[in-house]
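Grab a pencil and work through these exercises with the structure open beside you. Try each task before you read its solution.

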Amino acid sequence: MSETETFQIPIEAAELYESAFVPAFFSQWAATLCSAAGVAPGRRVLDVACGTGIVTRTAADQRATVTGVDLNEAMLTVARRVRPELDWRQGNAQALPFDDDSFDVVVSQMALMFFPDPAAALAQMARVVVPGGTVAVMVPGALDRQAAFAPFVAMAARHAGPQAIDLLTAYFRCGDLDELAGLMGAAGPDVTEQRRVDGIYRAPSVDAFVTTEVESTPLVERMSAETYQQIRDEARTVLAPFTAGDGSVAAPFEANLVVAVA
Ligand SMILES: C[S@@+](CC[C@H](N)C(=O)[O-])C[C@H]1O[C@@H](n2cnc3c(N)ncnc32)[C@H](O)[C@@H]1O
């Protein structure tokens, strides 16, 4: 199967992403990214790996002319349902379906770490932006800087073995800020800003936190029910500093932002 075929997710998962994870996590970064990228009325903005479209919508609300592109049809179906009037396209970040110099601003939020070849994707972003245009990416920061996720992954690895580290840390793969800026510079554009941005990852409960982190990876199929229960139990202790009286979790989350001019 092609990359496009293997990557598809069910529509229910895309709807859950929009109803639960966008408000709890993804929406908080969009305004910062748009502002750092210089999104403004009339600018042609491309949102790469737009998902259900939170950044695209934010740019549209600032009266930019927007296009959202994503590999995943289910994500785009939800994006179209929420904002049918905007331009949504199916396409691969590593082979963007746009002519050279088509946009004034290219942004990508919380996605670069999932691409098999992040450098190729940055080169594509540089290709489709006009000379003098802006490319800005936001990704999760390094695991060892995440006050809640680092001890959680270490605890899971104690129970499930070192395989847990690889499986639970794919999200933090582009976490080295200098390396990310270096990758952007190597793709062509001149880096004008690189910084860390503080945010919060919210979950309704410790159990929900564990379910999301473990069951969105193949780790859940590679450990026994007993091991999974041990992880669930100890997560209550590890996440206690971030758990409120009503049981909800508010975990600090650090992101990396890199802005460059083509
Ligand atoms: C965590 S979501 C982030 C979505 C959105 N940017 C947001 O902030 O809500 C990652 C997105 O990357 C998309 N994606 C992964 N690999 C891709 C690729 N090679 N080309 C385009 N989109 C891709 C997924 O379909 C998914 O929608």
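**Exercise 1. The ligand and its shell**

Find out which side chain has a polar atom 2.6 Å from an oxygen atom of the ligand, then work outwards to the rest of the shell.

*Solution.* Keep in mind that this is a predicted model.

Step 1: Start with the side chain. The residue you want is Asp-70, whose polar side-chain atom sits 2.6 Å from a ligand oxygen.

Step 2: Now switch to the backbone. A polar backbone atom of Ala-49 is 2.8 Å from a nitrogen atom of the ligand. Ala-93 also puts a backbone N or O atom 2.8 Å from a ligand nitrogen.

Step 3: Check how covered the ligand is. On its own it exposes 590 Å², and the protein buries 96% of that.

Step 4: Count the neighbours. The ligand is surrounded by 21 residues, and Tyr-17 and Gln-109 are among the closest. Sort that shell by type and you get 14 nonpolar, 5 polar and 2 charged residues.

**Exercise 2. Two residues of one helix**

Place Ser-19 and Phe-26 in the fold, then decide for each: buried or exposed?

*Solution.*

Step 1: Look up the helix. Ser-19 is in helix H2, and Phe-26 lies in helix H2 too.

Step 2: Compare Ser-19 with the cut-off. Exposed means over 50% relative accessible area, so Ser-19, at 52%, counts as exposed.

Step 3: Do the same for Phe-26. Buried means under 20%, so Phe-26 is buried because its value is 8%.

Step 4: See what Phe-26 touches. Beyond its neighbours within four places in sequence, its contacts are Tyr-17, Phe-21, Ile-54, Gln-109, Met-110 and Tyr-171. Take Ile-54: it is 28 residues from Phe-26 in sequence, yet the two C-alpha atoms are 7.5 Å apart.

Step 5: Try one more distance. Ser-19 and Arg-80 are 61 residues apart along the chain, with 14 Å between their C-alpha atoms.

**Exercise 3. The nonpolar core**

Work out which residues have the most contacts inside the largest nonpolar core, and which helix gives it the largest share.

*Solution.*

Step 1: The core holds 95 residues, and Met-125 and Phe-152 have the most contacts inside it.

Step 2: Helix H2, residues 11-37, gives this core its largest share, 11 residues.

Step 3: Zoom in on Phe-152. Setting aside residues up to four places away in sequence, Phe-152 touches Leu-168, Phe-209, Val-210, Glu-213, Val-214, Ile-231, Ala-235 and Val-238.

**Exercise 4. A charged residue in a strand**

Which side chain makes a 2.5 Å polar contact with the side chain of Glu-254? And is Glu-254 buried or exposed?

*Solution.*

Step 1: Glu-254 lies in strand S7, residues 249-261.

Step 2: Its relative accessible area is 10%, so Glu-254 is buried.

Step 3: The partner is Arg-145, whose side chain is joined to that of Glu-254 by the 2.5 Å polar contact. Other residues in contact with Glu-254 include Pro-140, Gly-141 and Arg-196.

**Exercise 5. Phi with a plus sign**

What is phi for Arg-63 and for Asp-101, and where do these residues sit?

*Solution.*

Step 1: Recall the background: most residues other than glycine have a negative phi.

Step 2: Arg-63 has a positive phi, near 65°. Asp-101 has a positive phi of about 55°.

Step 3: Arg-63 is in the loop between helix H3 and strand S2. Asp-101 is in the loop between strand S3 and strand S4.

Step 4: Finish with accessibility. Arg-63 is exposed at 61%, while Asp-101 is partly exposed at 40%.

Conventions
Residues numbered from 1 in each chain as written. Predicted model: local features only at pLDDT ≥ 70, side-chain atom pairs only at ≥ 80, totals over all residues. Heavy atoms only, no water. Core = buried A, V, L, I, M, F, W, Y, C linked by side-chain atoms within 4.5 Å. Buried < 20%, exposed > 50% of the residue type's maximum accessible area, 1.4 Å probe, protein only. Helix = DSSP H or I, 4+ residues; strand = E, 2+ residues; numbered from the N terminus. Contact = heavy atoms within 4.5 Å. Near = heavy atom within 4 Å. Polar contact = N/O pair within 3.5 Å; in protein donor to acceptor, adjacent residues only side chain to side chain. Areas by Shrake-Rupley, 256 points an atom, 1.4 Å probe, with all protein chains shown as cover. Nonpolar A, V, L, I, M, F, W, Y, C, P; charged D, E, K, R; others polar.
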